[in-house]
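Work through the exercises below with the structure open beside you, and try each task before you read its solution.

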Amino acid sequence: MPELPEVETVKNELLPLVVGRCITGVTLAWEGIVKEPSVDEFCSRIVGQEISAITRRGKYLFFHLGSQDFLVIHLKMTGSLIVSQDTPEPSKFVRAVIHLDNNTSIYFRDPRKFGVMRLIRDASNIKSKLGPEPLDESFTPQLLAQRLSNRTAPIKAVLLDQKVIAGIGNMYADEALHAARINPWRPGGSLTRPEIKRLHQEIRRILWAAIENKGASVDTYFRPDGSEGSAHYEFKVAHGLGGETCSACGGPIERVVVRNRGTYYCPKCQPLK
Ligand SMILES: [Zn+2]
């Protein structure tokens with residue numbers, strides 16, 4: 001699933017391709033991709049609007065449009081946005097095509113069909129439900145401590161809760177916990193000050209590194225030019241991509257299920273105290 005580094009990469013790489021362009025039409029191969037307003041209104045209201053900026057919050061992309069509307073896109077499990085020349089026959093996994101005024105289009109490719117688009121006036125409803133951005137200056141160890149305090153759920157699950165911190169998903173939660181040597185089952189509120197400091201530092205280090213590497217192409221994530229990211233080559237545990245043994249201690253990596261999410265960790269480096 002695209003997480004913060006993947007969505008940030010998509011935003012960064014879309015910017016030079018689509019900002020300043022005007023939307024000339026939308027073709028939907030799967031109408032369920034439009035969550036609001038109605039499909040008819042979505043398709044008519046978006047036409048003629050210029051894309052003036054794109055911003056990211058958590059795993060959401062916000063296309064700022066000329067008439068003060070926002071086109072809000074969530075890639076969910078398997079979505080990618082690929083910009084290329086117009087073609088009469090997009091690939092079979094393309095669910096929506098946003099046509100631009102220079103004979104290119106944004107192709108919303110989404111094999112599993114969980115991705116969504118919204119055309120809305122007021123984005124504050126979505127943004128207010130999200131926790132802090134982990135790469136913002138204001139995200140300090142103290143703020144992380146506050147967000148974790150009194151949490152009884154396993155730290156792995158707490159990190160995935162977008163209301164606690166925005167943008168972290170299954171891959172980067174496993175990577176951050178492994179690097180910080182924290183067991184995924186530990187209740188969020190039980191972490192000590194030094195552990196929180198380590199976790200804070202590792203979350204930021206790992207997310208920045210993954211952005212440098214243009215995201216992780218496990219499953220179906222592609223960059224806007226159709227190429228893959230390389231962040232997954234640095235995974236130590238996530239998705240089992242770090243191999244069967246821990247690069248830090250040589251012990252076996254184990255897979256467990258924490259609150260329905262497959263979780264990889266090293267029992268030796270991340271003991272349950
Ligand atoms: Zn280990």
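The exercises that follow concern charged side chains and one serine in a predicted model.

**Exercise 1.** Find out which parts of the chain are linked by the salt bridge of Arg45 and Asp69, and decide for each of these residues whether it is buried, partly exposed or exposed.

*Solution.* Begin with the general idea that side chains carrying opposite charges can pair when their charged atoms come close. In this model, the side chains of Arg45 and Asp69 meet in a salt bridge, with 3.0 Å from N to O. Next, place the two partners: Arg45 belongs to helix H2 (residues 39-45), while Asp69 sits in the loop between strand E4 (60-65) and strand E5 (70-74), so that the pair links distant parts of the chain, 24 residues apart. Finally, turn to the relative accessible area, for which buried means under 20%. Asp69 has a value of 1% and is therefore buried, whereas Arg45, with 25%, is partly exposed.

**Exercise 2.** Work out where Asp161 and Arg151 lie, and which exposure class each of them has.

*Solution.* The first step is the distance: the closest N and O atoms of the salt bridge between Asp161 and Arg151 are 4.0 Å apart, and the cut-off for a salt bridge is within 4 Å. The second step is the location, since Asp161 lies in the loop between helix H5 (155-160) and helix H6 (170-179), and Arg151 in the loop between helix H4 (141-148) and H5, so the pair ties together parts that are ten residues apart in sequence. The third step is exposure: Asp161 is partly exposed at 21% relative accessibility, and Arg151 is partly exposed at 35%.

**Exercise 3.** Describe the salt bridge of Asp174 and Lys156, and then place it among the salt bridges of the whole structure.

*Solution.* The side chains of Asp174 and Lys156 meet at 2.8 Å, N to O. Asp174 is in helix H6 and Lys156 in helix H5, 18 residues apart, and both residues are buried. A search of the whole structure finds 15 salt bridges. Some share partners, and in this way Glu8, Lys11, Arg56, Arg57 and Glu133 are joined into one network.

**Exercise 4.** Which backbone atoms lie 2.9 Å from a polar atom of the Ser217 side chain?

*Solution.* First locate Ser217, which is found in the loop between helix H7 (193-212) and strand E10 (254-258) and is buried, with a relative accessible area of 10%. The backbone oxygen of Tyr221 lies at the stated distance, and so does the backbone nitrogen of Gly229.

How values were computed. Residues are numbered from 1 along each chain as its sequence is written. This is a predicted model: local features need pLDDT of at least 70, side-chain atom pairs count only at pLDDT 80 or more; totals for chains, interfaces and linings use all residues. Side-chain values use heavy atoms; hydrogens and water are left out. Helices (H or I, at least four residues) and strands (E, at least two) are DSSP runs, numbered from the N terminus. Buried means under 20% relative accessible area, exposed over 50%, partly exposed in between (1.4 Å probe, protein chains only). A polar contact is a pair of N or O atoms within 3.5 Å; within protein, one must be able to donate a hydrogen and the other to accept it, and residues adjacent in sequence count only if both atoms are side-chain atoms.
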